[in-house]
Amino acid sequence: MKKRIIALVASILILTLCIILLGQLTRPKYTDNAEGALIGEYYDNAGDNDLIFVGDCEVYESFVPAMLWGRYGISSYIRGSAQQLPWQSYYILEETFEYETPKAVVFNVYSLKYGTPQNEAYNRMTLDGMKWSSLKTDAIKASMTDEESFIEYVIPLLRFHSRISELNRDDFKYMFSSPEVSHNGYLMQTGVVPMNESDSMEPLELLDYMLPERAMQYLDKMRELCEENGSELILVKAPTNSWAYWWYDEWNIQIEEYAETYDLAYYNFIPEVDEIGIDMSTDTYDGGLHLNVHGAEKLTEYFGRILTEKHGFDSKKGIDPELDKAWNERVEKYYDDKKGE
Amino acid sequence: MKKRIFSSLLTLSLAVLLILTALVGCDKNENGTNGDTDKAFGVTVNGKSFSLGDSVSVLVDIAGEPQSIAEAGSCGDQGTLKKYTYSSMSVLVLENDKGSTIDYISLSNDLVTTDKGIRIGASKADVTEAYGDPNTDNGTNIQYISGEFALKFGIENDKVTSITLIRTTE
C-alpha cells in the first residue's frame, strides 16, 4: 500500500515537472521581439531608484536612465512595455512599491485612450514577465480579452503547446533565463527612418473623444497609490505624434484639467519638440512613431533639467560608493552598446 | 518491483503524450476568421459593396488601387496600419499575422455611399429612414453601433457632412 502511494506521488511529481518544463520550453522567449522581455528585467535592478517610469512604448523609447544618472545623478528605472494598458501600469506600479519607494513616478498618458482589454499578444508582453503574486493575478484578470483564460497564464503549456512543432535553438538556450535586452528598462533603437509628409497627415476621426472612464479610474488609483507612498506622480506625453497614434487636443485638455484638479505636473512634450531640439528627420527610427536613441537622449536631457529645477531632484552621485559603482557600470554598458550597434 | 516501476513510468509517459496530443488538437483558431454575428457597416463603390472587417483584397477588387498608401508600424511588432487614400474615401487596414482587414472608412465626397445609399449631403431624415433610430444623437453627430462596428454621421443644418465607419477594437 505504502509503495503504491509513493508511486502515485512520484507519478504526480513527474507529471507536474513535465508540464512545467514543457511550459518553459514552449513559452515565447522574445529574442526577436525584445519588447516582450522588458518587464521581467526589473527584478534584478529593483531598489535605490528615485524615479520610476510606467507606461507604454513611449516611456521605454523616450527616456534614457543611463543619461539621467550620467548628467543629473538621478537613479531611475523604466517599467514600460508595449501597449501597457492603464490597469497594467497600476498593478506594475503597486508591485514596484513592494520593492522600493521612489521620490517620483512618471506615467505616460497615451494609454489612457484604452478602456477595454485589447490584445493577447500585448497582454503577454506585459504580464508574463511579472513575478507571480496576487498583483499579477489581479493584473491578468483586469487585462484578459474574451478569448483568453486565466489558467493559460498559470500553465503556459496550455497556451503555447502548439509551438512544440516550431521550437528553435533559443527556446532551449533561454528556457530558464533570458538575455538582458534593456538599459534599466530603456530599449535602445539606433536606426533612422525619417518622418515624412504622409506620416504627419490628419489623424483619424473617433467615435468619442472622452477618455474612457475605466482608464481614468486607474489613473485615479495610480494617483492615490503615489499619495499613500509619498511619491509624486508626474504625467507626461512623449513628443511623438503621428496619424496612426495621434494625441488629440480633446484628450490633452482632459489631462490638463485632471492635472490641475489634483495639483499634478503634466508635461505634454509634443508642442515642445523644437525647444527640446528633436528633429523628426533624424531622431526617429520608424517614421515618427517612436524616438530613436538620438531623440531619446535629447528628451532625457530636457526632462532631467525639469526634474532638477522643478521637482527637487538632487544628484546622488558621490554619496554611496556601491550605487556609484553600479551606475558607472550601467552607463559604460549603455555607451558601449550605443557605439556597437 | 523494477518491472512495476517501469510499467508505471511508461503509463505516465503515455498519459503525458495523450494530454499533449489532446492539447494540440484543441488549438485556438488563429486564422483570423471572423465569427462575429454583429452587422458590419459597409459602403458602396461602383455598385459593389465592402464592409468593415473585410479583407483588403475585397477593397482593391472593388475600389481599385489607391492613390497613395501611408504605413505605420506598431510597438511590439504586432502588425502594420496602412491608410489607403482614394479620391472619395480613406480606408484604414490593419495588417498582421491574422490577415489584412478593413478597420476604418471615411468618405470625403458624395461619390461613394453607405451600403444603404446614404451619401454626404443627404438629410438627417434619410439617415434615420435607412438605419432607424440611432444609438446616440448629440445634435452634431449621430451614431449607430453594432457590436464592434460603428457608423457615424456628422450633421450640420440637418444635412450629412461626414460619414465614418469604425471598427472599435484595436
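Here are five short exercises, each with a worked solution, on a predicted model.

**Exercise 1. The interface**

Work out how many residues each chain brings to the contact between chain A and chain B, and which parts of chain A take part.

*Solution.* Start with the head count: chain A gives 42 residues and chain B gives 33 residues. Next comes the area. The two chains bury about 3100 Å² between them, and 63% of this lies on carbon and sulfur atoms. On the chain A side, A:His161, A:Glu205 and A:Leu207 provide 23% of the area buried against chain B, more than any other three residues.

Now look for specific links. The rule finds one salt bridge across this interface: A:Glu205 joins B:Lys152, with the closest N and O atoms 3.3 Å apart. Five residue pairs are in polar contact across the interface, both members at pLDDT 80 or more. As for helices, helix 1 (2-26), helix 2 (57-60), helix 5 (120-127) and helix 8 (156-160) of chain A each supply at least two residues of the side that touches chain B. Helix 1 of chain A has the largest share, five residues. By type, that side of chain A divides into 22 nonpolar, nine polar and 11 charged residues.

**Exercise 2. A serine in a helix**

Decide whether A:Ser143 is buried or exposed, and find what surrounds it.

*Solution.* First place the residue: A:Ser143 belongs to helix 6 (residues 134-143) of chain A. Its relative accessibility is 0%, and the cut-off for buried is under 20%, so A:Ser143 counts as buried. Then follow the side chain of A:Ser143, which reaches the backbone oxygen of A:Ala139 at 2.6 Å. Finally, set aside neighbours within four places in sequence; the contacts of A:Ser143 are then A:Trp87, A:Gln88, A:Pro117, A:Asn123, A:Leu127 and A:Glu148.

**Exercise 3. Two aromatic pairs**

Classify the ring pair of A:Tyr334 and A:Tyr335, then that of B:Tyr131 and B:Phe153.

*Solution.* The whole structure holds 29 aromatic pairs over all chains. For A:Tyr334 and A:Tyr335, the centres are 4.8 Å apart and the planes stand at 80 degrees; planes over 60 degrees apart count as edge-to-face, so that is the class of this pair. A:Tyr334 is buried at 0% relative accessible area, whereas A:Tyr335 is partly exposed at 36%.

For B:Tyr131 and B:Phe153, the values are 5.8 Å centre to centre and 55 degrees between the planes, and the pair is tilted. B:Tyr131 sits in helix 3 (residues 124-131) of chain B and B:Phe153 in strand 10 (residues 149-156) of chain B, so the pair ties together parts 22 residues apart in sequence.

**Exercise 4. A salt bridge between distant parts of the sequence**

Find which parts of chain A are tied together by A:Asp171 and A:Lys29.

*Solution.* Begin with the geometry: the closest N and O atoms of this salt bridge are 3.0 Å apart. A:Asp171 is in helix 9 (residues 169-173) of chain A, and A:Lys29 is in the loop between helix 1 and strand 1 (51-55) of chain A, so parts 142 residues apart in sequence are tied together. Both A:Asp171 and A:Lys29 are buried.

**Exercise 5. A salt bridge between two helices**

Determine which helices are joined by A:Lys338 and A:Glu297.

*Solution.* The closest N and O atoms of A:Lys338 and A:Glu297 are 3.0 Å apart in their salt bridge. A:Lys338 lies in helix 14 (residues 321-340) of chain A and A:Glu297 in helix 13 (residues 293-310) of chain A, so the pair links parts 41 residues apart in sequence. As a last step, compare exposure: A:Lys338 is partly exposed at 24%, while A:Glu297 is buried at 13%.

Conventions. Residues are numbered from 1 along each chain as its sequence is written. Chains are lettered from A and ligands numbered from 1 in the order in which they are written. This is a predicted model: local features need pLDDT of at least 70, side-chain atom pairs count only at pLDDT 80 or more; totals for chains, interfaces and linings use all residues. Side-chain values use heavy atoms; hydrogens and water are left out. Helices (H or I, at least four residues) and strands (E, at least two) are DSSP runs, numbered from the N terminus. Buried means under 20% relative accessible area, exposed over 50%, partly exposed in between (1.4 Å probe, protein chains only). A polar contact is a pair of N or O atoms within 3.5 Å; within protein, one must be able to donate a hydrogen and the other to accept it, and residues adjacent in sequence count only if both atoms are side-chain atoms. Contact means heavy atoms within 4.5 Å. Buried area is the accessible area (1.4 Å probe) that two parts lose on being put together, summed over both. A salt bridge is a side-chain nitrogen of Lys or Arg within 4 Å of a carboxyl oxygen of Asp or Glu. Ala, Val, Leu, Ile, Met, Phe, Trp, Tyr, Cys and Pro count as nonpolar, Asp, Glu, Lys and Arg as charged, and the others, Gly among them, as polar. Rings of Phe, Tyr and Trp (its six-membered ring) pair if their centres lie within 6.5 Å; planes under 30 degrees apart count as stacked, over 60 as edge-to-face and the rest as tilted.
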